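These are my notebook entries on a two-chain model, written while I went through it piece by piece. I kept to what I could look up directly.

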Amino acid sequence: MTDRVKVKEIRTGVSETQDDLIEVKDLRTYFPTQDGVVKAVDGVSFEIEAGKTLGIVGESGCGKSITALSIMKLIEKPGRIVGGSIKLDGFEIVNATDDEMRQIRGNEISMIFQEPMTSLNPVYNCGDQIAEAVSLHDDMGRREAHNKAVEMIRDVGIPDPKHRAKQYPHELSGGMRQRVMIAMALSTDPALLIADEPTTALDVTIQAQILELMKALREKNKMAIMLITHDLGVIAEMADEVVVMYAGKVVERSDVNTIFAQPHHPYTHGLLASIPRLGERHKRLAVIKGVVPNPLNLPKGCLFKRRCPYAMPVCDTAPPFQQLGPNHSSLCWLTADQKPPAIGANASGVIAEETAAAMSPSK
Amino acid sequence: MTQPLAATPVPSGGVSDEPILRLDNVVKYFEIRGGLLGISHIGDVRAVDGVSLEVRKGETLGLVGESGCGKTTLGKVILRLIPATSGQVYMKGRPIFSLGEREMKAVRREMQVVFQDPYASLNPRMTVGEIVGEGLLVHGMRNRSERDGRVRDLLAKVGLNQSHIHRYPHEFSGGQRQRIGIARALALNPDFIVCDEPVSALDVSIQSQVLNLLSDLQQEFGLTYLFIAHNLAVVEHISDRVAVMYLGKIVELADVDSLYATPRHPYTVALLSAIPEPDPTRRKRRLILSGDVPSPANPPSGCRFHTRCWLREKLGNPEQCSTIDPPMRDLGGGQSAACHFAEQVTIQAAEEVAARQSLIDTAI
């Protein structure tokens, strides 16, 4: 397939010497509505190294799925990417043409969704659906593509793959359907797999099966995974790096151990404190008071301030994305030890200076 | 089975051993019709297949299980929202499946329900005042201002603004809607509330608000909950006792501490092992159950769990697992389980099995 070769050429041509497979910088995806512009994703940046898993956590409406769809360039009109850059191996996706995107989707980036039933075509059997994906991307004959499909079904741990390939999605259980989705996503050997709440619709025992499967395939295929979920348990289990999103912005990012052991942002704190954990009974659950702000009526300055137990006057100014460690940043005015920043003559340090600037009367 | 209890006065406040609700071999089959005309009876989906339970006054009984295990159906049967196939439910001693419409209406005041989906369970054409006050109207509070006063009290109780009484459900967030559903359940001063996955549809930060609210209301009004959920961490947090359901049957019943510390049914062990813990330093080798939950229309012979049971495999597939349906056995300390080999269920045994299993071949 000449097009594919072309894209590969483009990619290798532009590729810089770096380990990051995908680099998202200041991504902004907006949706104009009658009542105003909804900034679903507003300045999101992260990188994923090849073979690593990035977990994106946040509550519904925080923009995590829109981030994923932006990377696939599957944003439906009137929404569009209004700014920022998404680089896949150095190749700029934001400016890619439809033809180039068609080559990237599936070949380079695959995606699995939360509800497999709505993502599978009910009138084709599973084998044909996977074979279609295979033949579109790898220029194979029908029989060859079908054999590859059966092989993929076997690889995701579905017993009796020949028989299963002839079955239709409605004949399979939820866990099986999700396996078929994964088989289809992996059939073209993508470099990046985007998994949007892949186990949310599944029971715990089936979720455990799917997570183990994803781990095993991650090792086998050496692919990067961008795992979107609201379940902190799944994040702790799977992720190497974590990005916490709130109201369209990244509020904290770090490696997985730091985020669970030393969360900095009050929202991350609140999330971790509010989940009931096994073995910690009868403690009253901590709550994050209030609700997520209306995207059409966001507060000035910090978006979390109305729900934040630490809210202070400086929070009316947009907080800085502070670097707290080599691999840990947080979008908050609090100092590294979670104290309100000092103001006055004795105050020193970046945060104190920025606070002083934000609070100065000239502003 | 013990004899039905007479209605006895129960002490108010705190958990008592007195059952407020007793289920006696409750069965619910849904008929499958097929054949040429689609009217002949060709089988049954055995959604609830012989459940006996007691719910004590003032306690929260957690009911956990995977989708399709019959937990929601059981909740509906208890409330007589759908008719049972056989068996009986005694509410404070009264056999509610045998009551007439008028008597049932009186019992319904005492038993209420909070549903899972706060988007589907509130009528979009009714205001909050009408939704919460509907039960009051049905049960004879005809004076509008009296009713509105009560609704305002209820809204305040569940943490909503009293001025929201004239608003419609679409104006509220998921958590707020669930509060409206809770206010509706409380309107008639019930003793017993079936909470059917009340927090599953909510975001984590909102989930904890609603769980705390349910605990507060339980304390304030001496409520008894049947808390149906699939999230074992949530169930552990809120429950006093927990019943684990698999394919229409209760397979284990115990105090919450015993159940989580020393589970005695292989299925409970697997459920507990499957939960991803929110702590990256405790990543563990989980015990993965093979395969899917079998169809309740055609449940396996003998023990219903035997097709997926890790213990059976470890013990060399003893025959009785696939031939004899194990009854619930009292294992002491208020714990009972339906397993022939409950005594051999240990965390150690489970860990041994977990260490040996292959990662990809778990779907078989």
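How many bridges join strand S7 of chain A to strand S8 of chain A, and do these strands run parallel or antiparallel? I looked this up in the model, which is a predicted one, and found five bridges between S7(A), residues 192-196, and S8(A), residues 224-229, with the two strands running parallel. To fix the register for myself I noted one pair, in which A:Ile194 has A:Met226 of S8(A) as its bridge partner.

Entry on the sheet. I then followed the pairing outward and found that S7(A) and S8(A) belong to an open sheet of eight strands with mixed pairing, whose order in chain A is S6-S7-S8-S3-S9-S10-S12-S11. Its edge strands are S6(A), residues 109-112, and S11(A), residues 321-325, each of which pairs on one side only. From one strand to the next I have an average twist of 20 degrees. I also checked what packs here, and helix H8(A) lies across S6 and S7 of chain A, running at about 170 degrees to S6(A).

Entry on the contact between the chains. I counted 47 residues from chain A and 40 residues from chain B in the contact. On the side of chain A, the elements that give two or more residues are the helices H8 (174-186), H9 (204-221), H10 (232-238), H11 (256-261) and H12 (266-274), and H9(A) gives the most, with 11 residues. When I sorted this side of chain A by class, I had 24 nonpolar, 13 polar and 10 charged residues. H8(A) therefore comes up twice in my notes, because the helix that lies across S6 and S7 of chain A is also listed among those that touch chain B.Entry on helix H4 of chain B. I asked whether its length fits its residue count: at 1.5 Å a residue, the 14 residues from 144 to 157 should span 20 Å, and the end C-alpha atoms are 20 Å apart, which agrees. The buried residues of H4(B) are B:Val151, B:Leu154 and B:Leu155, and seen down the helix axis they fall within an arc of 100 degrees, so they line one face of H4(B). On the other side of H4(B), I found B:Ser145, B:Glu146 and B:Ala156 exposed. What covers the buried residues includes helix H3 (128-138) and helix H5 (174-186) of chain B. Just after H4(B), I noted that B:Gly159 takes a positive phi of about 80 degrees.

Notes:
Residues numbered from 1 in each chain as written. Chains lettered and ligands numbered in written order. Predicted model: local features only at pLDDT ≥ 70, side-chain atom pairs only at ≥ 80, totals over all residues. Helix = DSSP H or I, 4+ residues; strand = E, 2+ residues; numbered from the N terminus. Expected span 1.5 Å × (residues − 1). Buried ≥ 20, exposed ≤ 12 C-beta atoms within 10 Å, placed from the backbone. Arc of directions from axis to C-beta. Contact = placed C-beta atoms within 7 Å. Nonpolar A, V, L, I, M, F, W, Y, C, P; charged D, E, K, R; others polar. Pairing = 2+ DSSP bridges. Axes fitted to C-alpha atoms, helices over the stretch in contact; angles between N-to-C directions.
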